[in-house]
Amino acid sequence: MENIKLFLLFMIPGTFFAGLLDVVIRYALRDGKINERLLLAFNFLLSGIFISILFIFFFDFPEIKQGFWLAFFMTSVLGLFGHWIYYKAFSQDDASIISPTRLLTPPLVLITGFFILGEKASFWGMIGVLTTIAGLWFLVNPEGKKISLANIFEQKGILLGILGALFFAFSFPFDKKAVVTSSALFFSAIYLIIVGLVSLAIYTVQKKDFSIFKHLKVNRRIIFLMVVVNIAGFFLTAQALNYTLAAYAASVKRLWSFWAVILSGRLLQEKNIKERLLATSIMLAGIVITSLFG
């Protein structure tokens with residue numbers, strides 16, 4: 001019982017900060033004052049450097065086991081595109097629309113897990129997937145009108161969110177492999193730095209913009225806030241893993257989309273929050289069904 005209390009003490013505030021991060025990203029990108037890839041680079045690179053400093057002073061260097069570097073390479077490549085796609089999605093549409101699409105990743109892992117790891121989904125696992133998809137449909141079409149695939153393809157933000165969830169569904173097995181063959185903190189630190197550095201390089205080459213420090217100075221307040229929120233969410237959710245099984249932690253962690261919908265209504269005055277909250281709740285129900293019974 002004591003472990004459960006400690007788990008909730010860390011995980012619930014951690015999901016709050018993770019949801020807040022989505023809202024901060026949307027706030028930073030909605031006016032188009034900073035490029036989404038550059039914002040991603042600043043957030044990941046600065047967060048990774050800070051976590052690396054903590055790692056150097058407070059933690060021992062882990063044993064790197066066989067299979068780590070291949071898994072790290074694969075998840076870094078997938079994450080490089082997946083994170084950018086989500087940042088691009090946040091530049092296109094409300095946080096209360098984009099953040100819930102993250103809930104598609106666990107159901108999609110049932111599919112990617114089959115092809116990559118040979119894992120087969122159970123009956124209840126498939127029911128959970130269908131429930132999550134039903135929630136997504138309600139998120140796209142809250143008024144229950146007749147809607148075609150053509151209408152969905154017109155919603156660029158939603159499509160980008162779904163694509164991002166698919167990228168992370170493929171990267172999840174490699175994330176798991178990388179953590180098991182090293183440590184969660186070590187993997188996270190170098191992952192953030194590598195993705196941040198490559199994102200910065202891609203931005204510089206594509207835009208031929210070398211005034212990086214000028215952008216950092218102009219946007220320093222929002223970037224500082226983003227890094228602080230990112231590190232807080234990461235630390236609290238990672239610490240919570242010490243007090244319960246990973247499967248339970250993964251389910252509770254999905255609350256971050258729930259917080260993001262609530263906070264986007266409060267802080268960004270986004271519309272249709274009640275309908276989007278209901279759709280998010282249906283998607284969360286699908287995650288719970290898959291986790292508990294699948």
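**Glu270, its surroundings and the wider helical fold**

A polar atom of the Glu270 side chain lies 2.9 Å from the backbone nitrogen of Ala95. The side chain of Glu270 also makes a polar contact of 2.6 Å with the side chain of Ser96. These distances, like every value below, come from a predicted model. Glu270 sits in the loop that runs between helix 13 (255-267) and helix 14 (273-293). Neighbours within four places in sequence aside, the residues in contact with Glu270 are Arg26, Asp94, Ala95, Ser96, Ser264, Gly265 and Arg276.

Glu270 is buried, yet has no salt bridge. How far away is the nearest side chain of opposite charge? That side chain is Arg276, at 4.1 Å. Glu270 therefore goes without this bridge, as a salt bridge requires a side-chain nitrogen of Lys or Arg within 4 Å of a carboxyl oxygen of Asp or Glu.

Arg276 does have a salt-bridge partner, namely Asp94, with the closest N and O atoms 3.0 Å apart. Arg276 belongs to helix 14 and Asp94 to the loop between helix 3 and helix 4, so this pair ties together parts that are 182 residues apart in sequence. Arg276 counts as buried because its relative accessibility is 12%, and Asp94 is likewise buried, with a relative accessible area of 18%. Through salt bridges that share partners, Arg26, Asp94 and Arg276 form one network. Each of these three residues also appears among the contacts of Glu270.

The structure holds four salt bridges. One of them joins Asp22 to Arg102, where the closest N and O atoms are 2.9 Å apart. Asp22 is part of helix 1 (residues 2-29), while Arg102 is in the loop between helix 4 (95-98) and helix 5 (105-117), so parts 80 residues apart in sequence are tied together by the pair. Both ends of this bridge are buried: Asp22 has a relative accessible area of 2%, and Arg102 has one of 15%.

Another salt bridge links Glu36 and Lys88, whose closest N and O atoms are 3.2 Å apart. Glu36 lies in helix 2 (residues 36-58) and Lys88 in helix 3, so the pair ties together parts separated by 52 residues in sequence. How accessible is each partner? Glu36 is buried, its relative accessible area being 11%. Lys88 counts as partly exposed, at 22% relative accessibility; the reason is that the class of buried residues ends at 20%.

Arg102 leads from the charged residues to the aromatic ones. Besides its salt bridge with Asp22, Arg102 lies over the face of Tyr86, at 4.4 Å from the ring centre.

The aromatic pairs in the structure number 11. One pair is formed by Phe16 and Phe17: the ring centres are 5.8 Å apart and the planes stand at 80°, so the arrangement is edge-to-face. Phe16 counts as partly exposed, at 30% relative accessibility, and so does Phe17, at 27%. Tyr86 and Phe168 form another pair, with ring centres 5.9 Å apart and planes at 20°, so these rings are stacked. This second pair links distant parts of the chain, with Tyr86 in helix 3 (residues 68-92) and Phe168 in helix 8 (residues 156-180), 82 residues apart. Tyr86 and Phe168 are both buried. Tyr86 thus takes part in a stacked pair with Phe168 and has Arg102 over its face.

Which residues do ring pairs link into a cluster? The members are Phe61, Phe68, Trp69, Phe72, Phe186, Phe187 and Tyr191.

These local features belong to a protein with 14 helices and zero strands. Listed from the N terminus, its elements read α-α-α-α-α-α-α-α-α-α-α-α-α-α. Of the 294 residues in the protein, 48% are buried. Among contacts with a separation of 6 or more, 84% are between residues 24 or more positions apart. The pairs described above include examples of wide sequence separation: 182 residues for Arg276 and Asp94, 82 for Tyr86 and Phe168, 80 for Asp22 and Arg102, and 52 for Glu36 and Lys88.

Key. Residues numbered from 1 in each chain as written. Predicted model: local features only at pLDDT ≥ 70, side-chain atom pairs only at ≥ 80, totals over all residues. Heavy atoms only, no water. Helix = DSSP H or I, 4+ residues; strand = E, 2+ residues; numbered from the N terminus. Buried < 20%, exposed > 50% of the residue type's maximum accessible area, 1.4 Å probe, protein only. Lys, Arg positive; Asp, Glu negative; His and termini not counted. Polar contact = N/O pair within 3.5 Å; in protein donor to acceptor, adjacent residues only side chain to side chain. Contact = heavy atoms within 4.5 Å. Phe/Tyr/Trp six-rings, centres within 6.5 Å; stacked < 30°, edge-to-face > 60°. Lys NZ or Arg CZ within 6 Å of the ring centre and 35° of its normal.
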